[in-house]
Amino acid sequence: FEVPQYLYQPNANGEYEFFDNSGSNFLGLQEQMAQDVTTTLYSTLNYVTTIGENHNLKVLGGYEQIENRSPFLTGMRTGFPNSILSEINAGSVVNQSTAGNTQEWALQSFFGRVNYDYKGKYLFEGNMRYDGSSRIAPENRWNMYTGASAGWRLSQEDFINDLLPFF
C-alpha cells in the first residue's frame with residue numbers, strides 16, 4: 001500500500017501550490033529539523049530578622065542564568081525514481097540543496113532587594129539588578145538597574161486616628 005505524502009511548492013508567481021507526490025506534478029522531497037532548547041537556572045536566598053522590637057529587615061539576593069540554542073537544518077532533493085519513495089537519499093544529487101544554522105543567546109543576572117520598616121509605619125525599600133545579555137555589544141553588555149521607594153502608613157499614626165477615626 002502507499003502512504004500519501006504532500007508538498008507545497010512555489011509557482012512562477014511565488015504563491016505556494018499544493019502537490020500530491022503521487023501525481024505528475026511531484027517535484028521532490030524536502031526535510032527540515034528545528035530544535036529550540038532553553039536552560040534556566042534561578043536561585044534566591046532570603047533573610048528576615050527583627051532587631052529589637054521595632055526594626056524589621058528583609059534581604060533577598062538572587063542569581064538567574066538563561067541559555068538558548070536553536071539549531072536548524074534542511075535538505076531537499078528532486079529526481080526520485082517513483083512517487084512511493086520518501087527517503088531523501090532516494091532522490092538525485094542533481095539540484096540537491098542543504099542549509100542550516102544555529103542561533104544562540106544567553107542572559108545572566110544578579111539581583112537583590114532590601115526592605116526595612118520601623119513599627120510597620122515607616123517603610124523603605126531598595127533594589128538592584130545587574131544584567132548581562134549576549135544579544136548586546138560587549139562594551140554595553142552589562143548594566144545595573146536600581147530602584148528605591150519609601151512609604152508612610154498614616155493609618156498607623158495616633159494623631160491621624162484622633163483626627164479621622166474612620167481611618
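Trainee: Where does Lys 119 lie?
Mentor: This is a predicted model, so read every value as computed from it. Two strands, S6 and S7, flank the spot. Lys 119 sits in the loop between S6 and S7.

Trainee: What is the phi of Lys 119?
Mentor: Most residues other than glycine have a negative phi. Lys 119 is not a glycine, yet its phi is positive. The value is about 55°.

Trainee: Is Lys 119 buried, partly exposed or exposed?
Mentor: Buried means under 20% relative accessible area, and exposed means over 50%. Lys 119 has a relative accessible area of 43%. That value falls in between, so Lys 119 is partly exposed.

Trainee: What pattern does the protein follow along the sequence?
Mentor: Start with the count: one helix and eight strands. Then read them in order along the sequence. The pattern is β-β-β-β-β-β-β-β-α.

Trainee: What share of the residues of the protein count as buried?
Mentor: The cut-off for buried is under 20% relative accessible area. The protein has 167 residues. The buried share is 18%.

Trainee: What share of the accessible surface belongs to carbon and sulfur atoms?
Mentor: The accessible surface comes to about 12300 Å². Carbon and sulfur atoms hold part of that area. Their share is 53%.

Trainee: What share of the contacts with a separation of 6 or more comes from residues 24 or more positions apart?
Mentor: Leave out contacts with a separation below 6. Then take the residues 24 or more positions apart. They account for 53%.

Trainee: Which residues are the closest to the centre of the largest pocket?
Mentor: The largest pocket has a volume of about 160 Å³. Its lining has 16 residues. The closest to the centre are Leu 107, Asp 131, Gly 132, Ser 133 and Arg 141.

Trainee: Which element gives the most to the lining of the largest pocket?
Mentor: Strands S5 (55-77), S6 (97-118), S7 (122-133) and S8 (142-152) each give two or more residues to the lining. One of them gives four residues, the most. That element is S7.

Trainee: How do the residues of that lining divide into nonpolar, polar and charged?
Mentor: Gly counts as polar here. Sort the lining of the largest pocket on that basis. The split is five nonpolar, seven polar and four charged.

Trainee: Why is the pair of Tyr 63 and Phe 110 tilted?
Mentor: By the ring-centre rule, the protein has six aromatic pairs. In this one the ring centres are 5.1 Å apart. Planes under 30 degrees apart count as stacked, and over 60 as edge-to-face. The pair is tilted because its planes meet at 55°.

Trainee: How many residues apart in sequence are the parts that this pair ties together?
Mentor: Tyr 63 lies in strand S5. Phe 110 lies in strand S6. The pair therefore ties together parts that are 47 residues apart.

Trainee: Which residues do ring pairs link into a cluster?
Mentor: Tyr 63 and Phe 110 are two of the members. Phe 110 is partly exposed, at 37% relative accessible area. The cluster is Tyr 63, Phe 110, Tyr 130 and Trp 142.

Trainee: What angle lies between the planes of Tyr 118 and Tyr 122?
Mentor: The two rings are 6.1 Å apart, centre to centre. Tyr 118 is partly exposed at 27%, and Tyr 122 is partly exposed at 28%. The pair is stacked, with an angle of 15°.

Trainee: Which residues is Asn 115 in contact with, leaving aside neighbours within four places?
Mentor: Asn 115 is in strand S6. Its C-alpha is 5.0 Å from that of Lys 58, a residue 57 places away in sequence. The contacts are Asn 56, Leu 57, Lys 58, Phe 124 and Glu 125.

Trainee: Which residues is Thr 44 in contact with, on that basis?
Mentor: Thr 44 is in strand S4, residues 37-51. At 37% relative accessibility, Thr 44 is partly exposed. Leaving aside neighbours within four places, its contacts are Leu 60, Gly 61, Gly 62 and Phe 111.

Trainee: Which residues is Met 144 in contact with, leaving aside neighbours within four places?
Mentor: Met 144 has its place in strand S8. Met 144 is partly exposed, at 42%. Its contacts are Met 128, Arg 129 and Tyr 130.

Note on methods: Residues are numbered from 1 along each chain as its sequence is written. This is a predicted model: local features need pLDDT of at least 70, side-chain atom pairs count only at pLDDT 80 or more; totals for chains, interfaces and linings use all residues. Side-chain values use heavy atoms; hydrogens and water are left out. On a 1 Å grid over the protein atoms alone, a cavity is a set of points where a 1.4 Å probe fits but cannot get out, and a pocket is an open set with protein on both sides within 12 Å along at least five of seven lines; lining residues have an atom within 4 Å of a point. Grid points are joined across faces, edges and corners, and a volume is the space filled by probe spheres set on the points. Buried means under 20% relative accessible area, exposed over 50%, partly exposed in between (1.4 Å probe, protein chains only). Contact means heavy atoms within 4.5 Å. Accessible areas come from the Shrake-Rupley method with a 1.4 Å probe; for residues, only the protein chains shown count as cover. Rings of Phe, Tyr and Trp (its six-membered ring) pair if their centres lie within 6.5 Å; planes under 30 degrees apart count as stacked, over 60 as edge-to-face and the rest as tilted.
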